[in-house]
Amino acid sequence: MATRSALTRNALAANLPEQVEVAEGGLTRPESLEPALQGVTAVHLLSATGPDHVPLETGAHIVDLVRAAGVRRVTVLTTGADGPVEQAVRASDLEWTILLPIDVMSNALGWAETIRSEGVVREPYGERLTASVDIDDFAAVVAAVLVDGGHSGQSYRVTGPEALTPGEKVRAIAAALGEDVRFEELTPEQAREHWRGQGWPEEGIDFMLTMWATVPPTVGTVTPVVKQITGRSPRPFAQWAAENSHAFR
Ligand SMILES: NC(=O)c1ccc[n+]([C@@H]2O[C@H](COP(=O)([O-])OP(=O)(O)OC[C@H]3O[C@@H](n4cnc5c(N)ncnc54)[C@H](OP(=O)(O)O)[C@@H]3O)[C@@H](O)[C@H]2O)c1
């Protein structure tokens, strides 16, 4: 019986490390979760799915199954929307903690193709500041909350140690590569065409443009959550860029 397992919709494609117990299932198909939940006492849940981060309408059903399986502690990775998953955990008797990563550093991997082929990153809204978090730091927060407890009923914004513009991130990647990489600001209309050319789905493009046009100032506000919960300092973007420079070569 699995007590530590990772859920995936496709076990063959997931490419998880050997020591991870893999459970196949999907959050849009709650019935598929029952075997995955056997013997589990703590769960990390997504609240949205897909390129446009659609809230999971199955939230109440998922939370019912989680409770029925005997799970006590739950973290929710939220997009900031108060969707069915967030509402169901809040209304439950579970020890819940809602975690919002404003933006994860690895989203910059989406720039790899044009950096490799043209030495350039093209994006709209070049002035926006984002306090992105390294996914390893976010995962450390999730693990500490689920294993150690002590954060029941709390909602946290989880950020890295600094707020950067896309141009500043591009400069950090260029420094890690030891090569010139330019940042070119696009209008929203140019960005739509650019992303279409890269094969993005329309709903993903709409999501990004709407989000960036209406981005609240808190997206650029650093929080002390990583340090407070894990005891370790959050990693700066330059470190992420250095460790992932191979992806841009
Ligand atoms: N990227 C960000 O900056 C950001 C910020 C805030 C919140 N989020 C949220 O974080 C989550 C992951 O974002 P991402 O950009 O990394 O998205 P992603 O690449 O689409 O998904 C990453 C992971 O989520 C799993 N997943 C997605 N939908 C699932 C479903 N219906 N059932 C089971 N597993 C599912 C995938 O598992 P398999 O493909 O292996 O099944 C994969 O392991 C999403 O809920 C997103 O809304 C992201």
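## Around the ligand and two helices

Start with the ligand: one of its oxygen atoms sits 3.2 Å from a polar backbone atom of Val-104. That makes a polar contact, meaning a pair of N or O atoms within 3.5 Å; within protein, one atom must be able to donate a hydrogen and the other to accept it, and residues adjacent in sequence count only if both atoms are side-chain atoms. This is a predicted model, with local features needing pLDDT of at least 70 and side-chain atom pairs counting only at pLDDT 80 or more, while totals for chains, interfaces and linings use all residues. Residues are numbered from 1 along each chain as its sequence is written, and side-chain values use heavy atoms, with hydrogens and water left out.

Back at the ligand, a polar backbone atom of Ala-48 is 2.7 Å from a ligand oxygen. Thr-8 joins in through its side chain, where an N or O atom lies 2.6 Å from an oxygen of the ligand. On its own the ligand has 860 Å² of accessible area, and the protein covers 69% of that (Shrake-Rupley method, 1.4 Å probe; for residues, only the protein chains shown count as cover).

The shell holds 15 residues, and Thr-8, Arg-9, Ala-48, His-53 and Asn-107 come nearest; to be near here, a residue needs a heavy atom within 4 Å of the molecule. By type, the shell splits into six nonpolar, seven polar and two charged residues. In that scheme, Ala, Val, Leu, Ile, Met, Phe, Trp, Tyr, Cys and Pro are nonpolar, Asp, Glu, Lys and Arg are charged, and the others, Gly among them, are polar.

Now for helix α6, residues 135-148. Helices (H or I, at least four residues) and strands (E, at least two) are DSSP runs, numbered from the N terminus. The 14 residues of α6 reach 19 Å from the first C-alpha to the last, close to the 20 Å expected at 1.5 Å a residue; the expected span is 1.5 Å times one less than the number of residues. At the start of α6, a side-chain oxygen of Asp-134 comes within 2.8 Å of the backbone nitrogen of Asp-136. Just past the other end, Gly-149 has a positive phi of about 70°.

Which residues of α6 are buried? They are Asp-137, Phe-138, Ala-140, Val-141, Val-142, Ala-144, Val-145 and Leu-146. Buried means under 20% relative accessible area, exposed over 50%, and partly exposed in between (1.4 Å probe, protein chains only). As a reminder, an α-helix has 3.6 residues a turn, so residues three or four places apart point the same way. The buried residues of α6 pack against β3 (42-46), β6 (73-77), β7 (95-101), β9 (154-158) and α10 (225-230), with contact taken as heavy atoms within 4.5 Å.

Helix α7 can be read in much the way used above. Its twelve residues should span 16 Å at 1.5 Å a residue, and the end C-alpha atoms are 17 Å apart, which agrees. Pro-166, Gly-167, Lys-169, Val-170, Ala-172, Ile-173, Ala-174 and Leu-177 are buried in α7, and the buried residues pack against α5 (112-118), β8 (120-124), β10 (182-186) and α11 (237-243). Just after α7, Gly-178 takes a positive phi of about 70°.

Lys-169, within α7 (residues 166-177), deserves its own look. Lys-169 counts as buried because its relative accessible area is 8%. Its side chain makes a polar contact of 3.4 Å with the side chain of Asp-103. Leaving out residues up to four places away in sequence, Lys-169 touches Asp-103, Trp-111, Thr-130, Ser-132, Leu-164 and Phe-237.

Here are some loop residues.

| Residue | Loop | Relative accessible area | Class |
|---|---|---|---|
| Asn-15 | α1 (11-14) to β2 (21-24) | 68% | exposed |
| His-53 | β4 (48-49) to β5 | 35% | partly exposed |
| Glu-57 | β5 (54-55) to α3 (59-68) | 66% | exposed |
| Ser-92 | α4 (84-90) to β7 | 17% | buried |

Most residues other than glycine have a negative phi. Asn-15, not a glycine, nevertheless has a positive phi of about 60°, and His-53, also not a glycine, has one of about 50°.

Ser-92 uses its side chain to reach the backbone oxygen of Val-89 at 2.7 Å. Ser-92 also touches Val-63 and Arg-67, not counting residues up to four places away in sequence. As for Glu-57, its C-alpha is 19 Å from that of Leu-99, 42 residues apart along the chain.
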